[in-house]
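Dear colleague,

I am handing over the structure below, together with some notes on what I found in it. Please read the notes with the coordinates open beside you.

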Amino acid sequence: MPIFGRRGDSGSAAASTPSTASKEIVKREIIVDNAVFHVNPRYASGSLLGQGSYGVVISAVDKENGKKRVAIKQISHPFDSVAEARHVLREMRMLRLLKHPKILP
C-alpha cells in the first residue's frame, strides 16, 4: 500500500519476512513530526503536509519515478469505531476509482 503508511510494524527499517511469503518485505522508516511511517524504500525524505482527526499526510520523494513528489497518508486508529472504519474504507474505495498519475494504486 504505497499511499498509506502502516502502524504497528515492529523492528527497524527492515521488517521481518512472513513465514508463508517467499518474497522479503523491506520497509523504510520516515519520521515526521512524531509520526512514524513505514514505507517502501523507494520513498525518501518526508515533510509534513497536514494533519487532522483521521491522520497525517506527508510529502515524500519517489526515487523510482524520476524523483517526483508524492503524498503519503497514514490513518491513525482506523478501527477505533465502526463509523471510523467505514469512513476510511469509503475513502480508500473512492481513491481506487480515481485514475490520475499522482494517485498510486
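The notes below take up the strands and then one residue.

Please bear in mind throughout that this is a predicted model.

Strands β1 (residues 28-32) and β2 (residues 35-39) run antiparallel and are joined by 5 bridges; within this pairing, E29 stands opposite H38 in β2. The hairpin that β1 and β2 form has 2 residues between the strands, and D33 takes a positive phi near 50 degrees there.

There is also an open sheet of 3 strands, whose order is β3-β4-β5 and whose pairing is antiparallel. Its edge strands are β3 (43-51) and β5 (68-75), each of which pairs on one side only, and neighbouring strands of this sheet are turned against each other by 30 degrees on average, if direction is ignored. Between β3 and β4 the antiparallel pairing extends over 6 bridges, with S47 standing opposite S59 in β4.

The residue I would like to describe in detail is D62, which lies in strand β4 (residues 55-62). Is D62 buried or exposed? D62 has a relative accessibility of 0%, and because buried means under 20%, D62 counts as buried. The side chain of D62 is joined to that of R42 by a polar contact of 2.8 Å. Leaving aside residues up to four places away in sequence, D62 touches R42, Y43, K67, K68 and V70.

With best regards

Conventions: Residues numbered from 1 in each chain as written. Predicted model: local features only at pLDDT ≥ 70, side-chain atom pairs only at ≥ 80, totals over all residues. Heavy atoms only, no water. Helix = DSSP H or I, 4+ residues; strand = E, 2+ residues; numbered from the N terminus. Buried < 20%, exposed > 50% of the residue type's maximum accessible area, 1.4 Å probe, protein only. Polar contact = N/O pair within 3.5 Å; in protein donor to acceptor, adjacent residues only side chain to side chain. Contact = heavy atoms within 4.5 Å. Pairing = 2+ DSSP bridges. Axes fitted to C-alpha atoms, helices over the stretch in contact; angles between N-to-C directions.
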